[in-house]
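Please open the model in your viewer and keep the selection panel at hand. The tour goes from one selection to the next, and at each stop it says what can be found there.

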Amino acid sequence: MTKKILISGYYGFNNSGDDAILKVLTQQLKEIGEKVEIVALSNQVEQTEKNYNIRAINRYNLLQITKEMKSCDLFISGGGTLLQDGTSNRSLYYYLMLLHLAKKHCKRVMVFANGMGPIKSGFNRRRTLEMLKKVDVITLRDQDSYDFLMELGLKHPKISVTFDPVFMMKSIEQNRINRIFEEENLDFDKKYIGISVRPWKEGQYIESGVKALVKSICDKGYEVVFIPMQHPHDDKISQSIIDQLDDNSRVHCLKGCYEADEMIGIMSKMDYIVAMRYHALIYAILSQRALTAISYDPKVRGLMDMLKVNSVCSMAQLREGELDNIVEKGIVDKSKTIDLLEMSHDEKLKSAYENIEIIKELLEGIE
């Protein structure tokens, strides 16, 4: 008997990290030994169907969502940081509405490898708590998210902390990496430091701090590759920094829009990685590169704490011009960081797979 799984998340927005979650999840669901039909809510339906060979529906078409919800066997919310009001109340209410709709139609519901918070409004916190009490299983991708739910007062018998599902992602083959480097006019013989930045509230400090870092890196003989994670947003801030440099002859910005496994392959050829976005950091880890995180959000610090990696630059340190010093120390200690990440590889992979085992359990017994 075919089981239908409906998946929601921040899919179809050209965000590499969120699209990587969907890619890994669909790959794993197709391999679990059950006949499954996968339907995803997406902002770009045709692109999602083409990229992942699944059915997709418009994430804003409530009538179609309701129809699919009624006929599904399991509703999966995630991964990513979906339940938060830092972006907007509207985003939080959207994902809570989907959870409510699923339970209204008596569906099994899994909150899948989520980051939680921040949720600042007391009203929003109460609504989130009441909804999460009703779901069947909750897995979280970091300890801070678990602590946040405990702070809310959530008492749920099936809640656990796992690693992000993207830790199950594998890199591409070497010949594909070679072709990408040729297309981007990058030379394997040079020493590159990859930098991945995103727009944020304190954009002027990000630009000034990273600009100073790039100058320092180039003065030490490295070349820099900016690695955008979400197009066109990350491209714009990356190019803005490049344009401010007196000499940008040793600085590159990736022109292509690459899949997650390709990004991991690209990063594997970097000498060091400096990144803001959560999944850019995961790609660096999967490529076995030492790294420095720019912690613009609690989820970034939470990930680095779980990995026991200390090379983190807070926004306060960025404003104070400390990024260059932190990265310099990270480069000196990079062999120790790589050894640490390699030792914990199997643990991260096993923890990420726990999410799939839970899905298998939820599907068992559905007739």
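Begin by selecting Ile 206, Glu 207, Val 210 and Lys 211 in helix 8, and then add Ile 237, Ser 240 and Ile 241 in helix 9, for these are the residues through which helix 8 and helix 9 meet. Sorted by kind, the residues of this contact divide into four nonpolar, one polar and two charged. Keep in mind throughout the tour that what you are looking at is a predicted model.

Now widen the selection to the whole of helix 8, residues 203-219, and of helix 9, residues 233-243, whose axes come within 9 Å and cross at roughly 55°. Angles from 65 to 115 degrees would count as roughly perpendicular and angles under 35 degrees as roughly parallel, and helix 8 and helix 9 are therefore oblique to each other. If you turn the view to look through one helix at the other, the crossing of helix 8 and helix 9 is right-handed.

A second pair of helices can be viewed in the same way. Select helix 1, residues 16-29, together with helix 16, residues 345-363, and you will find that their axes come within 11 Å and cross at roughly 50°. Helix 1 and helix 16 are therefore also oblique to each other, and their crossing is right-handed. To show the contact itself, display the side chains of Leu 25, Gln 28 and Leu 29 in helix 1 and those of Tyr 353, Ile 356 and Ile 359 in helix 16. The residues of this contact divide into five nonpolar, one polar and no charged.

Next, turn to the strands. Seven of them form an open sheet in the order 3-2-1-4-5-6-7, and the pairing in this sheet is parallel. Which strands lie at the edges? They are strand 3, residues 55-58, and strand 7, residues 159-161, each of which pairs on one side only. Neighbouring strands of the sheet are turned by 20° against each other on average, direction ignored. Add helix 2, residues 45-52, which packs on this sheet and touches strand 2, residues 36-42, as well as strand 3, while the direction of helix 2 makes about 165° with that of strand 3.

Within the sheet, select strand 1, residues 3-8, and strand 4, residues 74-83, which run parallel and are joined by four bridges. Here Ile 5 stands opposite Leu 74 in strand 4.

Now move to strand 11, residues 272-275, and colour its side chains. Is this strand covered or open on its two faces? Both faces of strand 11 are covered, with Tyr 272 and Val 274 buried on one side and Ile 273 and Ala 275 buried on the other. In a regular strand the side chains alternate between the two faces of the sheet.

Strand 11 can then be followed to its partners. Strand 8, residues 192-196, runs parallel to strand 11 and is joined to it by four bridges, and the bridge partner of Ser 196 is Ala 275 in strand 11. Strand 11 also pairs in the parallel sense with strand 12, residues 291-295, over three bridges, and there Val 274 stands opposite Thr 292 in strand 12.

For the last stop, select Met 97, which has its place in helix 4, residues 89-104. Is Met 97 buried, partly exposed or exposed? Since buried means under 20% and exposed over 50%, Met 97 counts as partly exposed at 28% relative accessibility. Finally, add Glu 262, which is 165 residues from Met 97 in sequence and 35 Å from it in space, C-alpha to C-alpha.

Conventions:
Residues numbered from 1 in each chain as written. Predicted model: local features only at pLDDT ≥ 70, side-chain atom pairs only at ≥ 80, totals over all residues. Heavy atoms only, no water. Pairing = 2+ DSSP bridges. Axes fitted to C-alpha atoms, helices over the stretch in contact; angles between N-to-C directions. Contact = heavy atoms within 4.5 Å. Buried < 20%, exposed > 50% of the residue type's maximum accessible area, 1.4 Å probe, protein only. Parallel < 35°, antiparallel > 145°, perpendicular 65-115°, else oblique. Left-handed = near helix turned anticlockwise from the far one by under 90°. Nonpolar A, V, L, I, M, F, W, Y, C, P; charged D, E, K, R; others polar.
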